[in-house]
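Colleague: I'm new to this structure and would rather get to know one part of it properly than skim everything. Could you pick one sheet and talk me through it, along with what lies on it and which charged pairs turn up?

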Amino acid sequence: MSFRGRLLAGFLVAVLLPLGVLALGVRSEMQDRMLAEGDRRARELAEIIVSDLAEAHAAVGADVAAVAASLPDDPRFRSEALRGDGEGQAYVRGFAERVMRSAGLSMLQVRDDSARVLSSGHFPSEFGRVDRELPALLASVARPTLLGVRTATGSLLVIARIDSISIAGRRFTVIGGRAVDQGFLDRLARDDGMTIVLETPRDTLRAGGLPGQEEAGSSPGGVVRRTEIPFVDASTADPVRGDAEMTITHSLSEADAVRRGIDRWILAALVLATLGAVLVSTWLARRLSRPIEELAQATTRVDLDHLDVGFATGRSDEIGTLSRRMAAMVERLRGSTALMREAERRAAVGDIARQVNHDIKNGLAPIRNVIRHLIQVGRDEPSELPAVFAARQGTLESSIGYLETLALNYARLSPALGTQPCDANAVVAEVVAQTAGRGNATVRARPTSEIGAPQADAVVLRRILENLVSNAVDSLVGKPGEVTVGTEPIADARGQAMVRISVSDTGRGMSDRELARAFDDFHTTKPNGTGLGLSVVRRLVADLGGVLRVETEPGRGTRITVDLPVARPAQPRSPVAAS
């Protein structure tokens, strides 16, 4: 991430994180307080609703008691009701209807001691009907009771009370009630946030709530209270007692509206804070990044060959301190460059000296072997000396030519390889012949005749094989063993013809750790080794465009392969080009 990006990210975190925490804290605190206050207010309103329902029940009881108390004072009602012959009782039959309206009741019945209906204000057709269960059911409940009765146009739900009075030794029962309809529930739910749902086995009434909350019991708030109310269904021939449920819920719409308003303000504040952070961070980044960019541009011009770069040190801030330290660093580099170059020169000379020593030792080894052989023949069989010398003369001349080529190459210091098609099998045979009889090793050549001529330098190829065969013989650690040098034709992944030269031994092999360092300069496991053999091999194979691979296993020996590209045949010149 760039400096400007980091500065912007830092500003955004520094501004938005505290602001977001503050906004969420204020929102949560206000929401909790509003919900707590709304819940407290809703419970108070629920208690008021239940109290209003109890007051309505008490008011109905008072009205029914007043009607019952008025019966003994009505002589005509006494006369017709006590006679009880069913005739001439028009006054009694219309009594309930007349009194019901004046008493503010929606339902009124007067029954005699045999539970026969003498007068029914809400449904006159019930005159003479005998129903002993309804008075008993109503008398057994002291709480507010809902009663479902028949009317001329359907059914009616009332909050009912029962009372009785004795006239001339006979007991008369008065059952009255006030309608529990939509208007009644609307008066109970006097707050828009409160919703009352009254569910009876016959019907469901709903009152209160906000517009759009039409489904019964589906207020988007919480249930504040559930109250079971005894219910008697007298609209059928046999009255049935059950329970109705009144659910009081409180809407959270007001709290939701406040929360949405707070969310809008929080979002607006976050947007403004983000814009402010972006503008301020951009301005600061521009002010800070310009001198840093200038310092970076000056730094890019610094290298070991150009240490004359100057740094502005007039600033008194951190950037000025950094510039002065950069200037001091460049000054120290100037002083260290000379020392470093001298050390590099000495190291290069030492490397070349070690490599020259290693290559000369490899070139002198065959000469030393021939001379020892000649000395032995001259001592034991002097007559055979000319023949043996003639047989080994080629080895001496080849080794001397090898040393002369090395001297010529090192005289150039950085020689260019003169590659040309060469006979790999011949080089293998020459190296095997020179190494034969060394120690307890049996060195064999297993060439393949049908191979192409690799594009290589014969001297370089010989150096490669001499190093590999020498290391293979040394890996036998004085024990009898075999070293096999073979050739074979192969093709690389692109189908190009290659010559593979392999050197295999039955020596001790190498572990993974030894193999990882085998090709490092100056790394050796031999007491008198220089540590350059395999390092030189790797470099020479790379110069020839070849590939070097090692397969080894501790106790099983090592196989090293060198894959060299085959020389392409010369293209004949076209007649046009020849002309």
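Modeller: R111 stands opposite V117 in strand β2. That's a good way in, as strand β1 (residues 107-111) and β2 are joined by three bridges and run antiparallel. Before going on, remember this is a predicted model, where local features need pLDDT of at least 70 and side-chain atom pairs count only at pLDDT 80 or more, while totals for chains, interfaces and linings use all residues. Numbering starts from 1 along each chain as its sequence is written, and side-chain values use heavy atoms, with hydrogens and water left out.

A quick word on names: strands (E, at least two residues) and helices (H or I, at least four) are DSSP runs numbered from the N terminus, and two strands pair if DSSP finds at least two bridges between them. In general, strands of a sheet pair through backbone hydrogen bonds, either parallel or antiparallel.

So where do β1 and β2 sit in the sheet? The sheet is open and has nine strands, ordered β2-β1-β5-β4-β3-β8-β9-β6-β7, with mixed pairing. At its edges are β2 (117-120) and β7 (204-208); each has a single partner strand, so one side of each has no neighbour in the sheet. From one strand to the next, the twist averages 30° (axes are lines fitted to C-alpha atoms, for helices over the stretch in contact, and angles run from 0 to 180 degrees between N-to-C directions).

Which helices lie on this end? Helix α2 (residues 75-83) lies across β1, β2, β4 (154-167) and β5, at about 115° to β5. Helix α3 (residues 90-103) packs on the sheet too, touching β1, β2 and β5, and its direction makes about 40° with that of β2.

Next, have a look at β5, which covers residues 170-179 and includes T173. T173 has a relative accessible area of 13%, so it counts as buried (buried is under 20%, exposed over 50%, and partly exposed in between, with a 1.4 Å probe and protein chains only). What does T173 touch, apart from its neighbours within four places in sequence? Its contacts (heavy atoms within 4.5 Å) are Q109, V110, R111, I162, D163 and S164. There's R111 again, the residue opposite V117. With β1 spanning 107-111 and β4 spanning 154-167, you can place the others on that list too.

Further along β5 there's a charged pair: the side chains of R178 and D63 meet in a salt bridge, 2.4 Å from N to O. R178 is in β5 and D63 is in helix α1 (residues 3-70), so the pair ties together parts that are 115 residues apart in sequence. R178 counts as partly exposed, because its relative accessibility is 24%. As a rule, side chains of opposite charge can pair when their charged atoms come close. Here a salt bridge means a side-chain nitrogen of Lys or Arg within 4 Å of a carboxyl oxygen of Asp or Glu, and that rule gives a count of 21.

Another of these pairs is R116 with D112, whose closest N and O atoms are 3.5 Å apart. Are these two buried or exposed? R116 counts as buried at 18% relative accessibility, and D112 is buried as well, at 5%.

D131 and R129 also meet through their side chains, at 3.8 Å from N to O. D131 has 6% relative accessibility, so it counts as buried. Salt bridges with shared partners link E126, R129, D131 and R150 into one network.

Now for the strands towards the β7 edge. Strand β8 (residues 222-233) and β9 run antiparallel, with eleven bridges between them. One of the matched pairs is F231, whose bridge partner in β9 is G242. How many residues make up the hairpin connection from β8 to β9? Six.

On from there, β9 (residues 240-250) also has six bridges to strand β6 (residues 194-199), again antiparallel. In that pairing E199 stands opposite E245 in β9. That makes β9 a handy landmark: in the strand order it comes between β8 and β6, with β7 following β6. With β7 you've arrived at the other edge of the sheet from β2.
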